[in-house]
Amino acid sequence: MTDRRRNQMITAAAVILGVMSPTRLFAQTDANGLSIIDPIIAGAAGAVALAVAMVLWAFRVAAASRSQTVTWTERLASMEAKLEKSESVISAHPGLVLVWEDDGVEISEGWGNPKILGGPAALASLLSFAQSENEVAGSPVDRLLQSLSTLPLKDPNAAARNETFEERVRALRSHGIAFSGAVYTADGRAIEADGRIAGGQVTLWLTDPAVRMAEDGAIVGTVREQAADLHGSHKLLERAPMPAWRRDANLNLVWVNRSFADTVEAASTSEVISEQIELDPAARRIATAAANEQTAKDGRIAINAGGERRVIRVCEIPMHSAGDATLGGFAIDISALDKAQDELQQHIEANRKTLDQIPSAVVVFGPNQNLVYHNASFQNLWRLDDADLAGRAFHGEILDRLRHAGLLPEQPSYDEWKARQLEIYTGALAAPGSERYGSAPDEVWSLPDGRSIRVAQQRHPLGGVIVVFEDITEKMDLEAQFNTQLRVHRATLNNLAEGVAVYSANGSLELHNKAFEQLWRLSGNQLSAAPHIDETIRLMSQRVDDAAKHFEKIKKCVTSKSFDDREPTSGGILPLKDGRTFEYGSEPLPDGATLIRFLDITDSTEREKELQERNAILEDADRLKSKFVDHVSYQLRTPLSSIIGFSEMLDGQMFGVLNERQQDYITSVLSGAYHLRDLINDIIDLAAIDAGKMELARSDADIRGLLESAATYSALKAEDTQVALQVDCPRDIGSVSIDERRIKQVLFNLLSNAFAYSAAGGKVTLGADRKDNVLRIWVSDSGRGISPKDQAKAFDAFESSGPGAGAGLGLSLVERFVRLHDGWVKLESQEGAGSKVTCFLPEKVKAKTGENPSGKQPAKSAVKATKSKKSTRRKRASSTRSPAGGGNLETVNPRAAE
């Protein structure tokens, strides 16, 4: 029955049941006209309706079941078709596919019962590996797996040692650890093995490469091609410039090429094979390791070939080919590479030692940001201990450690700042070809401790980053000081009255002050563009007469490279058209620049002319005065000599005896005449000194004797003024080369002044000593002293002050006589406390021998003036006159010192 027919029947039954309701079929009317339903009839009708509904439902369920059966049957057929196709694909695989649906019991019992998939040829090829002397009972697959169980599985991706085939299969079935590799049999054949978990099942693929070649249908052609390739490869190895060889299962050499024989200095390759000559015993050890582990091995050995030491790299490779040869090897001469590596290592070590000596801190980080190298300056700069840099320290960790120690600049966001510092490892830098290629922009870190660090980062050519830290604190301080000094210099230059311009070595204007603009009346716009000196000379020449003559010297000083032209100049006069006069000069600077200065000397030039005229008038007046004084002095000496001569005749009583009053008058006349003669002599000496006509008559003079002689001649003056005279001089002071006559004049004048300014009862000291080849002679008194005003002009000629002041020539002559001896005079005085005049004579003093053997300085001797009778004084005055013609010697008393 079709679905359409079934639906029509169900619809008709429903209509019948809906139309013929029980009320209409089974209703009856009572006496009152009301409808009454019979219960029995109603129950029967309901049962019939229920039965019909159940029948209809049964028909519907049966139809749905038949439809599902058809659907699943179709799906099963489709799946079986797909399974057949999959099995056919797997059967085409040149190997076996074993599939396990294991549980714990099957894994522990052995190889289990895997499902076997694959083609017959693959099964037959792989079962050939199961042939052995001890046949294993069980299925062919069990025999195959058992024969492969103890062989090592070579897995290039495995980190651990190569495990056996059975261990890897058991790990796959127990823990789902996948593997992929090859199992090599004793005869060198290889079986590829791959284990995976696929669809919840353990799947193992076993492939024989020989079956794959056979099923390709061209195995013979392939063998021929491989034979041709092998023949060509053999010829290539024979002629190769590097040693090559093959070994058998016992690691004996079975073939070597000609280069091998030449390297070991053998006559032929046959000799190498027969005597088993190795490149080096280490080569056989490498072959043993390659055979044991069935993987390629290499090593470096050093040999002596052709009288030279050569470093070669030996490679031993398992070949798994037919015949006896199981290992192949070759050697590569890496002597040049080894030498280059040694030189590179030496350069690296030299660079490291050099970096350890530089003050800049250098640190190198590897590609993984790990610390590779740092110099001593880096550790000192950041105050790091050895423990902080031991182990695997990283760039970011070092930054964190420095931040924790408070040695990094404060940042608003440290994490963002740190990320920017590490961007150099991965971030984009400057474009190739630019100066900053491979480098990050330099930074300046201002540390909390006040230091300033310049940081330069650059990618290392070998990978990683090199960072250089330079402490520029002192440099920045010096730069700030330099800028400050520069501003000070600019301000100083701008406040100078001189116009200053500095030209560089190429002649351009580098610097100028405001006075330069004002003197030459140039604007700032004309000078702001750093004009060449030719341009500035052109502007200045408009204001100068005969400019070419003057500016040629200035230009040559600026632009010439000759040493003679760059000599400093000064005092050049530059007259301007407007009547002004400039003085100019040049000064070469150490950096090759030249400083040109201009000064307006118009006023000073006018004043100088006036002063020169006035000076000429004064010099003429001075010459007239000196000529007059000299003339008068010489004119006075003649009548003065007559007066002295006749007075001495009268004093000697050549024309009769004089009474006491007459004798006193004659004595006074002689005293005044002597004083006038001495004054005239002083004036003549002073004029001679000023005229440069006086010469010294040097001779060795005993200093002690000179002082005692001066004291003896001055004793009478001391007696008259009742002033004590004391000599303070060592007896062994020695002698000195001086003009004794002029030094006596110095002493007489100094003693005369001392007595004149000392009151009765005072004290005058005449002393001398020597120190550092300088003779000091001094005269000190306890008089009233000299005021500071008078001290300033004490050594001027014709200057005197105070009561009883003379002509004012004494100290003037003292100063000039000492200066003629290359010495100098020092005046020390205080009003009310006396004066002291010291003469310094820088002459080499000759020690006097034979005196004072004990070397002790004698006690000071004092000459005390005593009173005597007037008759005695008159006799002494006439017989003790100064032989030098100077000083007030009419009062000298020749009394010996006590």
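These legends walk through several close-up views of a predicted model.

**Figure 1. The whole protein chain, as a place to get your bearings.**
Before zooming in, it helps to meet the chain itself, which has 898 residues, 35% of them buried. Its secondary structure comes to 30 helices and 31 strands. The chain exposes about 52,600 Å², and carbon and sulfur atoms supply 54% of that area. Among contacts between residues at least 6 apart in sequence, 54% join residues at least 24 apart. Salt bridges in the model number 25, and some of them appear in the views that follow.

**Figure 2. Arg704 and Glu708 pair up within helix α25.**
Side chains of opposite charge can pair when their charged atoms come close. Here, Arg704 and Glu708 form a salt bridge, with their closest N and O atoms 2.7 Å apart. Where do the two partners sit relative to each other? Both belong to helix α25, which covers residues 703-713, and they are four residues apart, so about one helical turn separates them. Their surroundings are worth a look too: Glu708 is partly exposed, at 31% relative accessible area, whereas Arg704 is buried, at 5%.

**Figure 3. A closer look at the contacts of Arg704.**
This view stays with Arg704 in helix α25. Is Arg704 buried or exposed? Its relative accessible area is 5%, under the 20% cut-off, so Arg704 counts as buried. The side chain of Arg704 makes a polar contact of 2.7 Å with the side chain of Glu708. The Arg704 side chain also reaches the backbone oxygen of Cys729, at 2.5 Å.

**Figure 4. Glu708 also meets Arg731, from a loop.**
Glu708 takes part in another salt bridge, this one with the side chain of Arg731, at 3.8 Å from N to O. Arg731 lies in the loop between β25 (724-728) and β26 (735-738), while Glu708 lies in helix α25, so the pair ties together parts that are 23 residues apart in sequence. Arg731 is partly exposed, with a relative accessibility of 40%.

**Figure 5. Four charged residues share one network.**
Which residues are joined by salt bridges that share partners? Arg247, Glu278, Arg284 and Glu316 form one such network. Within this group, the side chains of Glu278 and Arg284 meet in a salt bridge of 3.6 Å, N to O. Glu278 has a relative accessible area of 18%, which is under 20%, so it counts as buried. Arg284, at 31%, is partly exposed.

**Figure 6. Leu820 and Glu695, brought together from separate stretches of sequence.**
The last view turns to Leu820, which lies in helix α29 (residues 810-820). Leu820 is partly exposed, at 29% relative accessibility. How many residues apart in sequence are Leu820 and Glu695? They are 125 residues apart along the chain, yet 8.4 Å apart in space, from C-alpha to C-alpha.

Methods
Residues numbered from 1 in each chain as written. Predicted model: local features only at pLDDT ≥ 70, side-chain atom pairs only at ≥ 80, totals over all residues. Heavy atoms only, no water. Buried < 20%, exposed > 50% of the residue type's maximum accessible area, 1.4 Å probe, protein only. Helix = DSSP H or I, 4+ residues; strand = E, 2+ residues; numbered from the N terminus. Contact = heavy atoms within 4.5 Å. Areas by Shrake-Rupley, 256 points an atom, 1.4 Å probe, with all protein chains shown as cover. Polar contact = N/O pair within 3.5 Å; in protein donor to acceptor, adjacent residues only side chain to side chain.
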